[in-house]
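The following exercises concern the fold, the overall dimensions and the cysteines of one protein. Please consult the sequence and the model while working through them.

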Amino acid sequence: MKSINLDTFDSTKYNKLCKMEPDVKKCMACGSCAASCTAAKYTDMNLRKVILLLSRGLDKQALDLLDKCMLCGKCFIVCPRGINTRHLITTIVEIYR
């Protein structure tokens with residue numbers, strides 16, 4: 001089983017993301033985005049999993065999932081917290097690439 005030591009990973013990028021896009025902390029991982037995602041029907045794309053991976057310092061895995069995103073905006077429409085997911089995704093790509 002893989003373990004993550006949260007005390008040793010570099011959280012600089014994640015902290016920058018939280019500062020640039022505070023909505024990332026509003027996500028309650030309800031699954032609405034994943035349920036409505038067109039890409040998720042054919043791939044393993046899952047925005048809430050991306051956010052979780054980034055918060056744990058697993059940047060590469062998160063970016064691999066985001067490569068499958070089509071930026072269709074369905075997740076933004078169904079988000080109960082009103083998170084601008086398109087802006088969040090583009091900000092993630094900007095910071096982590």
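**Exercise 1.** Determine which pattern of secondary structure the protein follows along the sequence.

*Solution.* In this predicted model, reading along the sequence gives α-α-α-α-α-α. The count is accordingly six helices and zero strands.

**Exercise 2.** Establish what radius of gyration the protein has and how this value stands against that of a compact globule.

*Solution.* Begin with the chain length: for 97 residues, a compact globule would have a radius of gyration near 13 Å. The protein itself has 13 Å, so the two values agree. Next, consider the extents: along the principal axes, the C-alpha atoms fill a box of roughly 35 × 30 × 25 Å. Then turn to the contacts between residues at least 6 apart in sequence: 64% of them join residues at least 24 apart. Finally, 37% of the 97 residues count as buried, while the protein exposes about 6,100 Å², with carbon and sulfur atoms supplying 54% of that area.

**Exercise 3.** Explain why neither cysteine 69 nor cysteine 79 is bonded to its closest cysteine sulfur.

*Solution.* A disulfide is a covalent bond between the sulfur atoms of two cysteines. The cut-off applied here is 2.5 Å between the sulfur atoms. For cysteine 69, the closest cysteine sulfur belongs to cysteine 75 and lies 6.2 Å away, which is too far for a bond. For cysteine 79, the closest is that of cysteine 30, at 6.3 Å, again too far. A search of the whole structure finds zero disulfides.

**Exercise 4.** Classify cysteine 69 and cysteine 79 as buried, partly exposed or exposed.

*Solution.* Buried requires under 20% relative accessible area. Cysteine 79, at 19%, is therefore buried. Cysteine 69 has 22% relative accessibility and so counts as partly exposed.

Methods
Residues are numbered from 1 along each chain as its sequence is written. This is a predicted model: local features need pLDDT of at least 70, side-chain atom pairs count only at pLDDT 80 or more; totals for chains, interfaces and linings use all residues. Side-chain values use heavy atoms; hydrogens and water are left out. Helices (H or I, at least four residues) and strands (E, at least two) are DSSP runs, numbered from the N terminus. The radius of gyration is taken over C-alpha atoms; the globule rule is 2.2 Å times the number of residues to the power 0.38. Buried means under 20% relative accessible area, exposed over 50%, partly exposed in between (1.4 Å probe, protein chains only). Contact means heavy atoms within 4.5 Å. Accessible areas come from the Shrake-Rupley method with a 1.4 Å probe; for residues, only the protein chains shown count as cover.
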